[in-house]
Amino acid sequence: QPVYYTLLALGVVALLGLGVVWVALTRHTPLVWASAPLLALCSGQLVLLGHDAAHHAVFATPGRNAALAILTINALSGGSAGWWAQSHNAHHARANDPDLDPDIDYPFFAFSQEQAAAKDPRLRPLLARQHVLAFLLMGLVGLTLRVYSLTYLAQRWRDRWHELIPSLAFYALYPALLVHALCGWRGVLFMLAHQVLFGFYLGSITAVNHWAMPMPRGRLDFTARQVLTSRNVAGGWLSDLWFGGLNRQIEHHLFPTMPRNNLKRVRPLVGKLCAARGLVYHEVPLRAAYREIYTALWGVARQVGGQTAR
């Protein structure tokens, strides 16, 4: 889909340019803070574009997809496309498997009593409040991804120097430019606001995809695993824009290399397949998705809290 992705990339570049110009024009006024959510949205869209490139959904050749992923994830976001691909592919292969999916393995979150029982007992006070903490800590999602990315690059710097250099360039230029433009501590505070909002944006996307969905262990055929463990978010073009196509998570997991604008076209076919096979095709509005997540986390937290009290 070269036309679609060209227009999408131009839109993201325009959004980034608008945010930079806004900072430049308003840096001596309180209006500069209005650009923080705009830049957070831009950062999220860059990562989503990198996600598509890492899945080889943008270009026909692996090299071009890899270059775009490194540009958007490493150079413009400070992450690691290599780590992302490794971790994300493991997630796709064993979606929501409690033993093998890295995306549902959190130190102080548990989506079942079995998961909670396996956690460090010292974390029980946090688990008992996880239904609140899960949403409050979303602002740290960007930081977490960068810690994992930098650890991955530090351990493999000889083989991943082509990734390490763009990432280090981000950490040298991004804070330096903001501190220079906004004069010292004001630049640091702006950077924190930008990154926290970026974390909330990424968290708002990733949490609804699989949290509080079934977590089957062991062998399960490909179609059943991808459908039963994924949640679609209902909505129109605004939902498509906000989620970068990941609102159609079922279709994305069945066809991970498919360009995001084609996911809605294959949706009716997937629905028919699920009906024929007796598979639950779970699609709900965004509010209902968050209600399901909160209810699941609260149910586990209540049980953990009761055990802690005893």
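Hi everyone. Let's start at R267, which is partly exposed at a relative accessible area of 29%. By partly exposed I mean between buried, under 20%, and exposed, over 50%, using a 1.4 Å probe and protein chains only. What we have here is a predicted model, in which local features need pLDDT of at least 70 and side-chain atom pairs pLDDT 80 or more, while totals for chains, interfaces and linings use all residues. Residues are numbered from 1 along each chain as its sequence is written, and side-chain values use heavy atoms, without hydrogens or water.

Back to R267. What does R267 form a salt bridge with? The partner is E283, with the closest N and O atoms 2.6 Å apart. A salt bridge here is a side-chain nitrogen of Lys or Arg within 4 Å of a carboxyl oxygen of Asp or Glu. E283 sits in strand β2, residues 283–284, and R267 in helix α14, so this pair ties together parts that are 16 residues apart in sequence. (Helices, at least four residues of H or I, and strands, at least two of E, are DSSP runs numbered from the N terminus.) E283 is partly exposed as well, with a relative accessibility of 27%.

How many salt bridges turn up in the whole structure? The search finds 11. Let me walk you through a few more.

Find D52 and R260 on the screen. Their side chains meet in a salt bridge, at 2.8 Å from N to O. D52 is in helix α2, and R260 is in the loop between α13 and α14, residues 263–277, so the pair ties together parts that are 208 residues apart in sequence. Are these two buried or exposed? D52 is buried, with a relative accessible area of 6%, and R260 counts as buried too, at 9%.

Now E292 and R231. Their side chains also meet in a salt bridge, this time at 3.0 Å, N to O. This pair links distant parts of the chain, with E292 in helix α15, residues 286–309, and R231 in the loop between α11 (222–228) and β1 (232–233), 61 residues apart. R231 is buried, at a relative accessible area of 0%, whereas E292 counts as partly exposed, at 26%.

One last item on charges: D99, E114 and R217 are linked in a network of salt bridges.

Okay, on to the empty spaces. The search runs on a 1 Å grid over the protein atoms alone: a cavity is a set of points where a 1.4 Å probe fits but cannot get out, a pocket is an open set with protein on both sides within 12 Å along at least five of seven lines, and lining residues have an atom within 4 Å of a point.

The largest pocket holds about 1100 Å³ of space. It is lined by 39 residues, and the ones nearest its centre are D103, Y106, V141, T144 and L145. Which elements supply at least two residues each to that lining? They are α2 (35–54), α4 (81–93), α8 (141–155), α10 (185–210) and α13 (249–254). By class, the lining has 23 nonpolar, 14 polar and 2 charged residues. In that count Asp, Glu, Lys and Arg are charged, Ala, Val, Leu, Ile, Met, Phe, Trp, Tyr, Cys and Pro are nonpolar, and the others are polar.

The second largest pocket has a volume of about 560 Å³. Its lining has 24 residues, with L16, V20, Y174, L177 and L178 nearest the centre. Two or more of the lining residues come from each of α1, α2, α9 (161–182) and α10. Helix α9 gives the largest share, 8 residues. Here the split is 18 nonpolar, 5 polar and 1 charged.

Then the closed spaces. There are 2 cavities of 30 Å³ or more. The largest cavity has about 120 Å³ of space, and 13 residues line it, with V47, I73, S77, G79 and L145 nearest its centre. Helices α4, α8 and α10 each give two or more residues to that lining, and α8 has the largest share, with 4. The classes are 7 nonpolar, 5 polar and 1 charged. You may remember L145, which is also among the residues nearest the centre of the largest pocket.

The second largest cavity has a volume of about 60 Å³. Its lining includes Y5, H51, H55 and G244, along with our earlier pair, D52 and R260. That lining divides into 6 nonpolar, 4 polar and 2 charged residues. That's my tour, thanks!

Terms used: Grid points are joined across faces, edges and corners, and a volume is the space filled by probe spheres set on the points.
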